[in-house]
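Colleague: I am new to this structure and would like a close look at a single part of it. Please take one place in the chain and work outward from there.

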Amino acid sequence: NLIERRRAGLGDRPFSELLSLYNAGIDHLKNTLKDNQLMEISWPVPEFVEESTDGESIVDVATDLPYNWNDAMYVDETAEILDSLKLDDLQVYECGSWKNLVDQVWAYVDRIYDPNRPTTMLVSVLRRSLASSYRRFVREVDLVGGVAA
């Protein structure tokens, strides 16, 4: 989709659209998880089943799948985890420099930061993305004869 947008001369989708799509996906997973009809299913899911040597399906003991894996207690706990994955909206304020925009991004990261989760990957990916965006920004400004702030 991004390649097609670039070919058509369209820019990146606004963060608010991407965030809305991401959070809608999380909501869909949560709603599916809490679907009453699906909660009636009680056999082990195929990912946790291993074939025995005689062709019978047996639960893989190594996965430690409890017999009541889809009870309300587990479903509610998983739904809470999914809720914790949802992200808040990012308000971007007009500013005169790239540095101020980057500061807004890092302030957002600080706001959603969870000390119980590793952030090394997030910081690394974000730094690379910001550097790439800055290079693209500078190229576009140079093309129109402006000065990058």
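Modeller: I will start with arginine 13, which sits in the loop between α1 (2-7) and α2. Please keep in mind that this is a predicted model. With a relative accessibility of 35%, arginine 13 is classed as partly exposed, because that class covers values between the 20% limit for buried and the 50% limit for exposed. Its side chain makes a polar contact with the side chain of glutamate 17, at 3.2 Å. Leaving aside residues up to four places away in sequence, arginine 13 touches Asn1, Arg5 and Leu18. Leucine 2 is 11 residues from arginine 13 in sequence, and their C-alpha atoms are 8.7 Å apart in space.

The helix after this loop is α2, residues 15-33. Its 19 residues, at 1.5 Å a residue, should span 27 Å, and the C-alpha atoms at its ends are 27 Å apart, so the expected and modelled values agree. Leu19, Asn23 and Ile26 are buried in α2. Viewed down the axis of α2, the buried residues fall within an arc of 50°, which means that they line one face of the helix. The general background is that an α-helix has 3.6 residues a turn, so residues three or four places apart point the same way. Leu21, His28 and Asn31 are exposed, on the other side of α2. As for partners, the buried residues of α2 pack against α4 (72-85) and α5 (98-112).

That leads to α5, the helix in which glutamine 104 lies. Glutamine 104 has a relative accessible area of 16% and is therefore buried, since the limit for that class is under 20%. Not counting residues up to four places away in sequence, glutamine 104 touches Leu90, Gln91, Val92, Tyr93 and Cys95.

Helix α5 also takes part in the largest nonpolar core, a set of five residues: Trp98, Val102, Val109, Leu126 and Leu130. The elements giving two or more residues to this core are α5 and α6. The most comes from α5, with three residues. In soluble globular proteins, nonpolar side chains tend to be buried together.

The other contributor, α6, runs over residues 120-143. For its 24 residues, 1.5 Å a residue gives an expected span of 34 Å; the end C-alpha atoms are 35 Å apart, which agrees. Buried in α6 are Leu126, Leu130 and Val141, and the buried residues of this helix pack against α5.

It remains to place these parts in the whole chain. The protein chain has six helices and two strands, and along the sequence they follow the pattern α-α-α-β-β-α-α-α. Of its 149 residues, 13% are buried. The accessible surface of the chain comes to about 11,700 Å², with 57% of that belonging to carbon and sulfur atoms. Among contacts between residues at least 6 apart in sequence, 52% join residues at least 24 apart.

Note on methods: Residues numbered from 1 in each chain as written. Predicted model: local features only at pLDDT ≥ 70, side-chain atom pairs only at ≥ 80, totals over all residues. Heavy atoms only, no water. Helix = DSSP H or I, 4+ residues; strand = E, 2+ residues; numbered from the N terminus. Buried < 20%, exposed > 50% of the residue type's maximum accessible area, 1.4 Å probe, protein only. Contact = heavy atoms within 4.5 Å. Areas by Shrake-Rupley, 256 points an atom, 1.4 Å probe, with all protein chains shown as cover. Expected span 1.5 Å × (residues − 1). Arc of directions from axis to C-beta. Core = buried A, V, L, I, M, F, W, Y, C linked by side-chain atoms within 4.5 Å. Polar contact = N/O pair within 3.5 Å; in protein donor to acceptor, adjacent residues only side chain to side chain.
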